[in-house]
Amino acid sequence: MHNQHKGEYTLTSIRFSHYVEKVRWTLDRLGIPYHERYVLPVMHFFITPFIVRGSGHRDSQSTRFSTPILSTDEGQVIAKSTAIMHYLSDRYLKKEYSLFPSQDVINLDNQFNENLGPATRRILYYYSLNKPEIMFKLADNNAGAIQAGVYKLLYPLSRRLMAKALEITQAEAEQSLEHVFKAYDDIEDRLSDGRQFLFENRLTAADISFACLGGILMLPTVQEGYAAYLPPINEVDPKLAEIAHQLRDHKAGQWALSLFREYRGQRILPGKPLLKASPN
Ligand SMILES: N[C@@H](CCC(=O)N[C@@H](CS)C(=O)NCC(=O)O)C(=O)O
């Protein structure tokens, strides 16, 4: 599948994905306009293989057809959130402003990619995957009408596939929750000397990575800066709402939300469907 917007950036995304949000944050912060091509989970298998072709990175938590995938203005296709951020940082930022200024930053971002991202995702799905009213709204607000319609038809199949692929069981969800709180506590410790950012006194990939991969479990809204529709706290399973509130009260959670407020950057080309302030 070719880039419909030659000479411009196109981001192929499962819109609500926190890995995708890392890349949107980077693009928006750098002031780079991009088009976003939305795919929904499982349906992406019919689309992304034609975009990544032979490339694409499989890892322990995702297939080689996973999103985000960035098609660049020069015709390159780059998969994997961190690889895309490296590309953008190397291309647009002077070395002294790099998003990856040290091995420590690289290591922490990788750790979040491998552990925190899958943990928060598993908890969200554990409480949402079996609730069609939540999943259908997620589809309606994060993809076009035709795709959302097909998603609903395939929903019984897709929720089984996803539950299996992402190991969504009660035992795994409980373990993941412990991991998330531990990660939040670690961040609070790191910030306890009063620093504003994790490293270097400025925003790096490690901060963006925690805010997105850890922060999604607070269910940040569009107004709070998350560039996709997530189910509102007052509509989700009460247990999930309780977790989101606990994380919002946590120092690390408050810090992540402050990064969204102050360092997220503004999107230049709005995506469709438009993100409504009060979704229906
Ligand atoms: N390590 C990858 C993980 C991305 C990832 O897990 N993406 C999910 C969305 S949250 C996905 O597209 N999954 C579908 C698949 O693995 O086929 C990255 O950082 O880009």
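Start at the tail of the chain: select P273, which sits in the segment after helix 10 (251-263). This is a predicted model, so read each stop as a feature of that prediction. The bond to check here is the one joining K272 and P273, a cis peptide bond with omega at about 0 degrees.

**A second cis bond**

Now jump to P68, in the loop between helix 2 (48-52) and strand 3 (69-71). Put a dihedral on the peptide bond from T67 to P68: this one is cis too, with omega near 10 degrees. For background, most residues other than glycine have a negative phi, and most peptide bonds are trans.

**Two positive phi values**

Stay with backbone torsions and pick V42, in the loop between strand 2 and helix 2. Its phi is near 75 degrees, a positive value in a residue other than glycine. Is V42 buried or partly exposed? V42 has 19 C-beta neighbours inside 10 Å, so it counts as partly exposed; the cut-off for buried is 20 or more.

Next, click K80, found in the loop between strand 4 (77-79) and helix 3. Phi of K80 is near 85 degrees, again positive in a residue other than glycine. K80 counts as buried because it has 23 C-beta neighbours inside 10 Å.

**Around the ligand**

Select the ligand and bring up its shell. There are 17 residues around the ligand, and S17, S62, T63, S66 and S81 come nearest. Colour the shell by class and you get four nonpolar, ten polar and three charged residues. Which helices should you show alongside? Helix 3 (81-92) and helix 4 each supply at least two residues of the shell.

**The start of the chain**

Go to H5, in the segment before strand 1. H5 is partly exposed, with 15 other C-beta atoms within 10 Å. Leaving out residues up to four places away in sequence, H5 touches T10 and H35. For a sense of scale, draw a distance from H5 to S62, one of the residues that come nearest to the ligand: the C-alpha atoms of H5 and S62 are 27 Å apart, with the two positions 57 residues apart along the chain.

Then highlight strand 1 (residues 9-13). Four of its five residues are buried, so strand 1 is largely enclosed by the rest of the structure. Add strand 2 (residues 34-38): the two strands pair in the parallel sense over five bridges. To see one pairing up close, label S13 and its bridge partner in strand 2, Y38.

**Two domains**

Time to zoom out. Colour the chain as domain 1 (9-94) and domain 2 (103-263). The C-alpha centres of the two domains lie 18 Å apart. At the contact between them, 19 residues of domain 1 meet 30 residues of domain 2. On the domain 1 side, helix 1 (18-29) and helix 3 each supply at least two residues. Helix 1 gives the most to that side, with eight residues. By class, the side of domain 1 that touches domain 2 divides into nine nonpolar, five polar and five charged residues.

**The nonpolar core**

Which residues of the largest nonpolar core touch the most other members? Select I123 and L217: they hold that place among its 71 residues. Helix 4 (residues 103-128) provides the largest share of this core, nine residues. Why does the core lie between the domains? Domain 1 and domain 2 both give residues to it, so it lies between them. As a general point, nonpolar side chains tend to be buried together in soluble globular proteins.

Keep L217 selected and show its contacts. Ignoring neighbours within four places in sequence, L217 is in contact with T120, I123, L124, V180, I243, A244 and L247.

**Last stop: V236**

Finish at V236, in the loop between helix 8 (205-214) and helix 9 (238-249). V236 counts as buried because it has 20 C-beta neighbours inside 10 Å. Residues up to four places away in sequence aside, V236 touches Y127, S128, I134, P231 and A241. For one last distance, connect V236 to L93: their C-alpha atoms are separated by 40 Å, and the two residues are 143 residues apart along the chain.

Key
Residues numbered from 1 in each chain as written. Predicted model: local features only at pLDDT ≥ 70, side-chain atom pairs only at ≥ 80, totals over all residues. Core = buried A, V, L, I, M, F, W, Y, C linked by C-beta atoms within 7 Å. Buried ≥ 20, exposed ≤ 12 C-beta atoms within 10 Å, placed from the backbone. Domains from an automatic or database assignment. Contact = placed C-beta atoms within 7 Å. Near = placed C-beta within 6 Å. Nonpolar A, V, L, I, M, F, W, Y, C, P; charged D, E, K, R; others polar. Pairing = 2+ DSSP bridges.
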